[in-house]
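Thanks for coming, everyone. Please have a look at the model on the screen, and then I'll walk you through it.

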Amino acid sequence: MLLAFSVSPTTTDDPDGSVSAAVARAIKVVRDSGLPNETTSMFTTLEGEWDEVMAVVKEATMAVAEVSPRVALVMKADIRPGWDGQLTAKVDRVNAILDAEG
C-alpha cells in the first residue's frame, strides 16, 4: 500500500507559527523505519504492508504528541495488493504519458 499522511501539532510556541521542529520529529521516525518514503512540503508518503505502515504512522504521531497536547493527522491510502515499487512507478507512468504527448 501507499499511504500519504500529514501530522502536525495544532499548537506551537514558535512566534511565527512554525511547526517544523515537531514535524521533523515525525519525519525522523519515518526515515528510521526503513520503509520506502518520500516527503514533500505537505505530505509524507510511505510504501509497505498495512500493519508496518500503520505502525510507523502511529509512532510518528506519538513523536509529535510528545511536544504538543493536541495533534492533527490526515491520511490517504492507495491499497493495491501485489504491487511494489509504486512510490516512484506511478509517477513514472504519468511522466511517460506526458513525454509521449510532447
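**Salt bridges, core and surface**

Let's start with the charged pairs: the count comes to 3 salt bridges. One caution before I go on: this is a predicted model.

Some background. Side chains of opposite charge can pair when their charged atoms come close.

Now the pairs themselves. Take glutamate 66 and arginine 25. Their side chains meet in a salt bridge, at 2.3 Å from N to O. Glutamate 66 sits in the loop between α2 and β4, while arginine 25 is in helix α1, so this pair ties together parts that are 41 residues apart in sequence. Are these two buried or exposed? Glutamate 66 is exposed, because its relative accessible area is 61%, and the cut-off for exposed is over 50%. Arginine 25 has 31% relative accessibility, so it counts as partly exposed.

Next pair: aspartate 32 and lysine 28. Their side chains form a salt bridge at 2.6 Å, N to O. Both residues lie in helix α1, 4 residues apart, and that is about one turn of the helix. Both of them are exposed. For aspartate 32, the relative accessible area is 54%.

Then there is lysine 90 with aspartate 78. Here the side chains meet in a salt bridge at 2.6 Å, again N to O. Lysine 90 belongs to helix α3, residues 86-101, and aspartate 78 to strand β4, so the bridge ties together parts 12 residues apart in sequence. Lysine 90 counts as partly exposed, at 33% relative accessibility. Aspartate 78 is partly exposed too, at 28%.

Stay with aspartate 32 for a moment. How far is its C-alpha atom from that of valine 71? The separation is 21 Å, and the two residues are 39 places apart along the chain.

On to the inside. Which residues make the most contacts within the largest nonpolar core? They are Leu3, Phe5, Leu46, Val53 and Val56, in a core of 16 residues. Three elements give two or more residues to this core: β1 (2-9), α1 (20-33) and α2 (50-65). Helix α2 gives the most, with 6 residues.

Phenylalanine 5 is a good one to click on. Set aside its neighbours within four places in sequence. What does phenylalanine 5 then touch? Its contacts include Val30, Leu46, Val57 and Ala60. Phe43 and Thr44 are also among them, and so are Leu73, Val74 and Met75.

Two of those contacts, Phe43 and Val74, turn up again on the outside. Together with Met42, they form a nonpolar patch on the surface. The accessible area of the patch is about 290 Å². Valine 74 lies in strand β4, which runs over residues 71-78. Why is valine 74 called partly exposed? Because its relative accessible area is 45%, and partly exposed runs between 20% and 50%. So valine 74 is partly exposed, yet it is in contact with phenylalanine 5, one of the core residues with the most contacts.

Last, the record. An unreviewed UniProt entry annotates residues 4-94 as "domain: Thiamine-binding protein". Over that stretch, the chain is 43% helix and 23% strand. The C-alpha atoms at its two ends are 18 Å apart.

That's my tour. I'm happy to take questions.

Definitions and conventions
Residues numbered from 1 in each chain as written. Predicted model: local features only at pLDDT ≥ 70, side-chain atom pairs only at ≥ 80, totals over all residues. Heavy atoms only, no water. UniProt positions renumbered as here; feature names shortened; annotations may be inferred. Patch = residues over 30% accessible without salt bridge, like charges linked within 9 Å, V, L, I, M, F, W, Y side chains within 5 Å. Areas by Shrake-Rupley, 256 points an atom, 1.4 Å probe, with all protein chains shown as cover. Salt bridge = Lys/Arg side-chain N within 4 Å of Asp/Glu carboxyl O. Buried < 20%, exposed > 50% of the residue type's maximum accessible area, 1.4 Å probe, protein only. Core = buried A, V, L, I, M, F, W, Y, C linked by side-chain atoms within 4.5 Å. Contact = heavy atoms within 4.5 Å.
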